[in-house]
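Subject: Structure handover

Hello,

Please find the structure below, with the sequence alongside. Have a look at it first, then read the notes underneath.

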Amino acid sequence: MSEKKARYLTTTLPYVNADPHVGFAAEVLNADALARYWRLIGHEVFFNTGTDEHGQKLADKADEKGQSRQDYVDHFANEFRKLGEALNLSYDRFIRTTDADHKIAAQAIWKKCLLNGDIYKKKYKGLYCVGDEMFLRDSDLVDGKCPNHPNMEPQMVEEENYFFALSKYQDYLKDYLSKEGVVEPEWRRLEALKFVEGGLEDFSISRERSRLDWGIDVPDDENQVMYVWFDALTNYISTLGWPEDKDGNFKKFWEEGETTQLAGKDQIRFQSIMWQAMLKSAGVKATDKVVYHGFITSGGQKMSKSLGNTLNPFDLVARYGTEATRYLLLRHVHPFEDSDITIERLDELYTAGLVNGLGNLVARVMKMAETHLDEPITRPEAVGFAKEYVEALDNFNIQAAVDYVWSKVGELDERIAETEPFKLVKTDKTAAIKIITDLVSDLYIVARMLHPFMPDTSRIIKEAILQNKKPENLFNRLEG
RNA sequence: AGCGGGGUAGAGGAGAGGUACCUCGGGAGGCUCAUAACCUCCAGACCCCGGUUCGAUUCCGGGCCCCGCAACCA
């Protein structure tokens, strides 16, 4: 058996200025399903996620609450860790951009890029919105004001910042993005390519300390603090131990392995353009593939607190349980396009797919098995997965993979209706037992395919089969 | 302004030059192993106007509408 390539997988790091969003829950669940699947088929996997914890917005909020910055972000980091438990995630590291080793790595990549001549200092003058702590571009202005803060007068501010010479990497990025597969779905790659061809501007990568004092220090310049990019993006490699690589994870997973990043569709510029240029400048291998998903809306609108249509992942877990929440978000969120989700819809899908579907199938098959089989079936040989299932997962289409598993659930239900083993057992016991054995055996295969998506359910079904015992109901009916 | 995606039964998706599939929901029958579950059948759709074509919902042009991006929203 040939040694399979190690695989690295990461989500983006959510900014911790709010509680976990259901969209991030979907992203991290997709990552988790892929990580579990890859491990299942024999790859060594490093699955990374975590939190992005710097920036003036967070510092201001901490100040408002009278908390220390670290305490404030600790609280949110903890909320995101809880999400990991609530969703039963199998990540290998939960990185925080406030972790000591990450700060060292961020400074290290900065120095490499500086040494490579891609970081320079430049005076920058422009309209600045105090509300957003951001410079405004002319195209941002609405009636000469910041669109987010129409009551505040933008101020003309001049400051000196470091810039990264993204424009130098136009040709490189064009080459990088010309290879099919570096961005999924394919049409997003074309979008990225078009953006690069449209011309790239160098971007600002630091702020004066007076304007931003909660971040990683710029090496050898007391007055400057890193602005998001060199800080946040570097997590993808600092998590592996770069640059020292004491444990060899960076070499194994990033340099010699296959790297995949998952991100929202708004992240193309950051993940597939800026980050790739930074890696090139620092002499680090490019990401092999970035997969971009859509957003989740509710009731046809963007979720927002003022509309009252936010769905909190913790509420979903409280309502449906961990396994069912995984099912709902993995099967009923489109892999690449936007998806709309409402509680009413999720309730229907929960009942149809889990209570009436999988749960009921397990109950009826295992009841027959327990009643009519003298002993458990022998565990079916692991002969590799069905082509449809494998292809869907290779294409990052988890929805299609789960759909395939449920097509098998449907087939088993049909087969029971057609062959009527519960009736046949009265007239031809041998034939009935053969049918039941086959049903149980195929149910075992369903459970195996279920593992990446619903690991506990998969295990419970397999155990029930190997003990020849009907388990407790897997999914209870919703109240009301 | 521009760039990108899209408009298919009540809802969400798939698909193809010869009027269309899946899931959920609705209706009728059947079954009794199962969580009033399951199976079968039925009703129900290709945004509008032109063009190409023997034939378009599918290709082309135009229109209308929706969504995303527009350099820190997952």
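The notes below go through the sheet, two helices and the surface near the RNA. Please keep in mind that this is a predicted model.

The sheet

Start with the open sheet, which has six strands in the order β3-β2-β1-β11-β12-β7, with parallel pairing. The edges are held by β3 and β7 (183-184), and each has a single partner strand, so one side of each is left without a neighbour in the sheet. As background, strands of a sheet pair through backbone hydrogen bonds, either parallel or antiparallel.

Strand β2 (residues 45-51) has seven of its seven residues buried, so it is largely enclosed by the rest of the structure. Both of its faces are covered: on one side V45, F47, T49 and T51 are buried, and on the other F46, N48 and G50 are buried. Strand β1 (residues 7-10) pairs with β2 in the parallel sense over four bridges, and R7 stands opposite V45 in β2. Between these strands the chain goes from β1 through α1 to β2, a right-handed β-α-β crossover. β2 is also joined by four bridges to strand β3 (residues 93-96), and the two run parallel. In that pair, T49 stands opposite F94 in β3.

Further along the sheet, strand β12 (residues 289-293) is mostly covered, with four of its five residues buried. It pairs in the parallel sense with strand β11 (residues 258-264) over five bridges, and L262 stands opposite V291 in β12. Here too the chain makes a right-handed β-α-β crossover, from β11 through helix α10 (residues 268-282) to β12. Two bridges join β12 to β7, and these strands run parallel. V183 stands opposite V290 in β12.

Two helices

Helix α1 has 19 residues and reaches 26 Å from its first C-alpha to its last, close to the 27 Å expected at 1.5 Å a residue. Is α1 largely enclosed or left open? Of its 19 residues, 15 are buried, so α1 is largely enclosed by the rest of the structure. Just after α1, G42 takes a positive phi of about 100°.

Helix α3 (residues 69-86) contains Y72. Is Y72 buried or exposed? The count of other C-beta atoms within 10 Å of Y72 is 21. A residue is buried if that count is 20 or more, so Y72 is buried. Leaving aside neighbours within four places in sequence, Y72 is in contact with L58, K61, A62, K65 and Q67. Y72 and N17 are 55 residues apart along the chain, and their C-alpha atoms are separated by 9.8 Å.

The surface near the RNA

There are 57 residues around RNA strand B, and G23, N356, G359, N360 and F422 come nearest. The elements that give two or more residues to this surface are α1 (22-40), α6 (186-197), β15 (339-340), α13 (343-372), α15 (398-419) and α16 (421-424). Which element gives the most to the surface near RNA strand B? That is α13, with eleven residues. By class, this surface has 23 nonpolar, 16 polar and 18 charged residues.

Regards

Conventions:
Residues numbered from 1 in each chain as written. Chains lettered and ligands numbered in written order. Predicted model: local features only at pLDDT ≥ 70, side-chain atom pairs only at ≥ 80, totals over all residues. Near = placed C-beta within 6 Å. Nonpolar A, V, L, I, M, F, W, Y, C, P; charged D, E, K, R; others polar. Buried ≥ 20, exposed ≤ 12 C-beta atoms within 10 Å, placed from the backbone. Pairing = 2+ DSSP bridges. Right-handed = clockwise from strand over helix to strand, strands pointing away. Expected span 1.5 Å × (residues − 1). Contact = placed C-beta atoms within 7 Å.
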